[in-house]
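Let's take a friendly walk through a protein structure and see how its parts fit together. Have the sequence and the 3D view ready as you read.

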Amino acid sequence: MASSTASPLNLKKVVPGADDFLPLNGTDYVELYVGNAKQSAHYYKTAFGFQSMAYAGLETGVKDRASYVLQQDKIRLVLTTPLEPGGPINEHIVKHGDGVKVVALWVDDAAKAWEETTARGARSFMKPVREEDEHGYVVRSGIHTYGETVHIFVERSNYNGTFLPGYKPWKSDYNPEPVGLKFIDHMVGNVGWNEMNTWVDFYARVMGFAQLISFDDKDISTDYTALMSKVMSNGNGRIKFPINEPAEGKKKSQIEEYIDFYKGPGVQHIAVSTDNIIETVTDLRNRGVEFLRVPATYYETVLDRVGEIDEDLKPLSELGILIDRDDEGYLLQIFTKPVVDRPTMFFEIIQRKGAQSFGKGNFKALFEAIEREQESRGTL
Ligand code: FE2
């Protein structure tokens with residue numbers, strides 16, 4: 001097992017207050033448990049431009065499940081479905097619907113990551129395990145986080161295979177073009193009433209993260225929906241986890257709607273970065289991805305709020321892309337409708353032009369759009 005704790009990338013600590021006992025190089029992969037991995041893989045290729053990367057299943061000697069690994073630049077999605085009744089994967093799907101089970105984090109030393117976090121109070125999901133094939137070995141370990149979501153630490157410096165031992169390269173004749181998604185910018189967790197600070201403490205105490213920003217219900221409330229949010233980041237800023245909890249409003253909070261349908265806390269959205277949001281969102285729309293829309297009036301006053309931007313307003317307004325500014329610059333962002341049948345998980349597409357925040361200035365317009373959707377579902 002590798003014992004080096006020095007990062008090969010020589011990352012410097014940039015987030016004040018974050019602790020370096022758990023150096024994280026980035027997100028390694030995100031694994032969803034889904035009802036039909038073959039069809040989900042087709043959707044993520046066709047609609048989102050992911051590329052076929054690796055596969056495990058009956059053909060590779062795995063008897064109880066099938067997993068498809070998809071890649072777009074630095075983003076890796078794993079879609080896993082069970083092949084038999086019963087067992088934890090089926091239970092997860094029956095309870096939650098399709099959703100994120102694993103947020104895997106790339107580390108230099110998976111045994112040490114497990115030891116450090118469990119010593120600080122994390123509940124173990126998987127003790128360090130060495131897995132190998134003819135391409136070398138990886139070490140993985142895991143801990144529980146909110147709800148039934150887990151973090152798996154992946155140490156892969158001694159592995160040069162396609163993905164992980166047990167997977168074979170997946171060659172497909174069907175290869176739609178990528179849409180320009182680069183990396184995961186942040187992943188948001190929804191937790192229950194009064195649970196936000198518990199999980200903020202978890203990321204601070206157990207993982208060494210620091211808090212970047214917080215919003216309370218005064219920042220983020222409309223006539224109806226309301227939520228509170230705090231953003232936790234690791235030391236090098238590559239891993240950012242905003243944590244939301246519901247807040248009281250006139251009617252049901254969108255976070256409560258999520259919790260009701262997901263049957264507990266879970267990953268609400270995965271924000272993926274692009275260098276050209278106009279091209280990326282044009283492609284995604286043409287491929288059938290559905291986005292939330294703000295009213296056209298948003299664009300009548302947005303430049304008064306955010307000032308000058310490099311892009312023409314016309315394509316942004318035609319596509320429904322939102323704009324926000326902070327002290328460091330501005331950002332462009334848009335949110336998909338839920339990508340599953342339950343009103344649970346969705347994606348955000350984000351292009352940062354200096355801004356390091358999360359689009360607080362758009363919350364009101366956005367939440368009014370979400371409320372219109374909730375109304376149509378009868379869940380307001
Ligand atoms: Fe976000």
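## Where the two domains meet

In this predicted model, domain 1 and domain 2 bury about 3000 Å² between them. Carbon and sulfur atoms account for 67% of that area. Which residues of domain 1 lose the most area to domain 2? They are F48, I75 and Y146, which together make up 23% of what that side buries.

To find these parts in your view, use the domain assignment: domain 1 covers 26-169 and domain 2 covers 181-377. Their C-alpha centres lie 25 Å apart. At the boundary, 40 residues of domain 1 are in contact with 35 residues of domain 2.

## Polar links across the boundary

How many salt bridges are counted between domain 1 and domain 2? The count is one. K182 forms a salt bridge with D73, and their closest N and O atoms are 3.7 Å apart. Ten residue pairs are also found in polar contact across the interface of the two domains.

Several elements of domain 1 help to build the side that touches domain 2. Strands β1 (26-33), β5 (99-107), β7 (136-144) and β8 (150-155) each supply at least two residues, and so do helices α1 (37-46) and α2 (88-96). The largest share, five residues, comes from α2.

## The nonpolar cores

In soluble globular proteins, nonpolar side chains tend to be buried together. Here, the largest nonpolar core has 90 residues. Y44, F48, F153, M207 and I270 are those with the most contacts inside this core. Domain 1 and domain 2 each contribute at least three residues to this core. A second, separate core has 17 residues, including A54, V78, I152 and F163.

We met F48 at the domain boundary, where this residue is among those of domain 1 that lose the most area to domain 2. Setting aside residues up to four places away in sequence, F48 touches Y43, Q72, V179, L181, L284, R287, V289, T336, V339 and F347.

## A closer look at T80

Now find T80 in strand β4 (residues 75-82). Is T80 buried or exposed? T80 counts as buried because its relative accessibility is 0%, and the cut-off for buried is under 20%.

What does the side chain of T80 meet in a polar contact? Its partner is the side chain of S67, at 2.7 Å. Beyond its neighbours within four places in sequence, T80 is in contact with E31, L32, Y33, V34, A37, R65, A66, S67 and I89.

Terms used. Residues are numbered from 1 along each chain as its sequence is written. This is a predicted model: local features need pLDDT of at least 70, side-chain atom pairs count only at pLDDT 80 or more; totals for chains, interfaces and linings use all residues. Side-chain values use heavy atoms; hydrogens and water are left out. A nonpolar core is a set of buried Ala, Val, Leu, Ile, Met, Phe, Trp, Tyr and Cys residues joined through side-chain atoms within 4.5 Å. Buried means under 20% relative accessible area, exposed over 50%, partly exposed in between (1.4 Å probe, protein chains only). Domain bounds come from an automatic or database domain assignment. Contact means heavy atoms within 4.5 Å. Buried area is the accessible area (1.4 Å probe) that two parts lose on being put together, summed over both. A salt bridge is a side-chain nitrogen of Lys or Arg within 4 Å of a carboxyl oxygen of Asp or Glu. A polar contact is a pair of N or O atoms within 3.5 Å; within protein, one must be able to donate a hydrogen and the other to accept it, and residues adjacent in sequence count only if both atoms are side-chain atoms. Helices (H or I, at least four residues) and strands (E, at least two) are DSSP runs, numbered from the N terminus.
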